[in-house]
Structures are given as C-alpha cells and as structure tokens.
Amino acid sequence: METAAVQPEAAREILQASSALLEGHFKLSSGKHSPFYVQCAQLFARPALAAQAAGELAERIGYADIDCTLAPAMGGVIAGYQLAAALGCRALFAERPAGSFELRRGFSLKPGEKVLVVEDVITTGGSALETGKLVQELGGQVVGYASFIDRSGGKFAPPEGYWAWAAVQAPVYEPGACPLCAAGSQPVKPGSRPEAVK
Ligand SMILES: [Zn+2]
C-alpha cells in the first residue's frame, strides 16, 4: 500500500489525531483520483490541535514584523485567524462576491502594511496569488505566503517566500489509470467545491 508522505513526520500525528488525513479512494477537484485526502477543516474543528500547528508554523515563519494576515474566503478564514493569533497580528479575509477578491466588512490596509497571505491548503496557489495581487492593489506589502498544508509538491514558490506547517504528497492517478478503480471501487468526492468548479 502506498502511503502519503508527510513532512515533518511529527505533523502526521496531529493530522491523524484530528481525522484530517483521510485514506480511501478520492476524486480530487482536479478530477484525478488519490488514495489520500487532507480535509483541513477537520484540523480546525479541533482548536487545541490547530493552535499547536499554528504555533509551530508561526515559529517557522519567525517574522515578527507582520501587521496582518489576509486569507481568501472561505477555506483560508480559520487558517488566517489561527495563525494571526499565534503571530500576534490582525486577521483579515478577502471575499469574492463578484468574481475578484475584495475587502469587505470594514476591513482595510494602510499604505505599506506588511501582509502575510494565509491559506488552509495550497495546491496550485491560485487563490493565494490573487489575494497577494489584491494586497498590492491596496498599497500593502506582501511579506510572504503561508498555509497549514502544502500539496504543491514544491511547485508553489513565490519570490516573497512560502511557509507551510506540513507538506503532504500523495499518489494521484488519471481516472483511466487508477488502480483503485481497476480494483472495482468507486471514488468519493470529499472536497468543498461544486463538481463544475475546478
Ligand atoms: Zn479511481
């Protein structure tokens, strides 16, 4: 049985203790199949474990001069809040009511404010980079990107820097070449996005 590689290994215990690292047969939002899925919401459903992870991530970032975190809603909201609590800074989130990210709810950035963009899971980093673009448009400064889970396989490497609490690499298969399908099982879709959205 192939396993998911988790770095650092100590993070695996917290992911398993919080039921965030699922084993089975999953259809990912990319359409590919995998025997593993990280459901980060399960980690945030256990605040004590999430706070421990956030503390470890904040320590790794080791950057005292951050004015606020900014997270793309919905997935990044709790991640950004939890990490801001560990860093001791403000926690904002951006929403997409009409296609592109914007700040609502009275949130604003002062010119030059140092912003850490935070996600729960980064796979391609698309939403995170869009959020970083919003920071620049608003006159803030992106000091880096952070996520609790890195599923980019090292491909997400923005020039400002990127920190993750745990890197998780799992085998992925094209639907037509999936050994789990070949063995007769049906994939389940555990994600948060509607089928049509990639
Ligand atoms: Zn399959």
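**Exercise 1. Strand neighbours**

Which residue in S5 stands opposite Pro-72? Work it out in this predicted model, then trace how the chain gets from S4 to S5.

*Solution.*
Step 1. Find the two strands: S4 covers residues 68-72, and S5 covers residues 90-95.
Step 2. Look across from Pro-72. Ala-94 in S5 stands opposite Pro-72.
Step 3. Follow the chain. It leaves S4, passes through helix H4 (residues 77-87) and enters S5. This β-α-β crossover is right-handed.
Step 4. Check the pairing. S4 and S5 run parallel, with five bridges between them.

**Exercise 2. The next strand**

Do S5 and S6 run parallel or antiparallel? Describe the hairpin they form.

*Solution.*
Step 1. Locate S6 at residues 102-103.
Step 2. Read the direction. S5 and S6 are antiparallel and share two bridges.
Step 3. Pick a facing pair: Glu-95 is opposite Glu-102 in S6.
Step 4. Inspect the turn. Six residues lie between the strands of this hairpin. Gly-99 has a positive phi near 105° there.

**Exercise 3. The zinc site**

Name the protein donors of the zinc ion. Then explain why their arrangement is tetrahedral.

*Solution.*
Step 1. List the donors: His-25 through NE2, His-33 through ND1, and Cys-178 and Cys-181 through SG. They lie 2.1 to 2.4 Å from the zinc ion.
Step 2. Write the spacing in sequence: H-x7-H-x144-C-x2-C.
Step 3. Take the angles. The four donor atoms subtend 95 to 119° around the zinc ion.
Step 4. Apply the cut-off. Four donors count as tetrahedral if all angles lie between 85 and 135 degrees. The angles here are 95 to 119°, so the arrangement is tetrahedral.
Step 5. Add the surroundings: His-25 and His-33 are both buried.

Key. Residues are numbered from 1 along each chain as its sequence is written. This is a predicted model: local features need pLDDT of at least 70, side-chain atom pairs count only at pLDDT 80 or more; totals for chains, interfaces and linings use all residues. Side-chain values use heavy atoms; hydrogens and water are left out. Donors are N, O and S atoms within 2.8 Å of the metal (3.2 Å for Na, K and Ca); water is not among the atoms, so sites may look incomplete. Four donors count as tetrahedral if all angles lie between 85 and 135 degrees; four count as square planar and six as octahedral if opposite donors are over 155 degrees apart and all others between 65 and 115; anything else is irregular. Buried means under 20% relative accessible area, exposed over 50%, partly exposed in between (1.4 Å probe, protein chains only). Two strands pair if DSSP finds at least two bridges between them. Helices (H or I, at least four residues) and strands (E, at least two) are DSSP runs, numbered from the N terminus. A crossover is right-handed if, with the strands pointing away from the viewer, the path from the first strand over the helix to the second runs clockwise.
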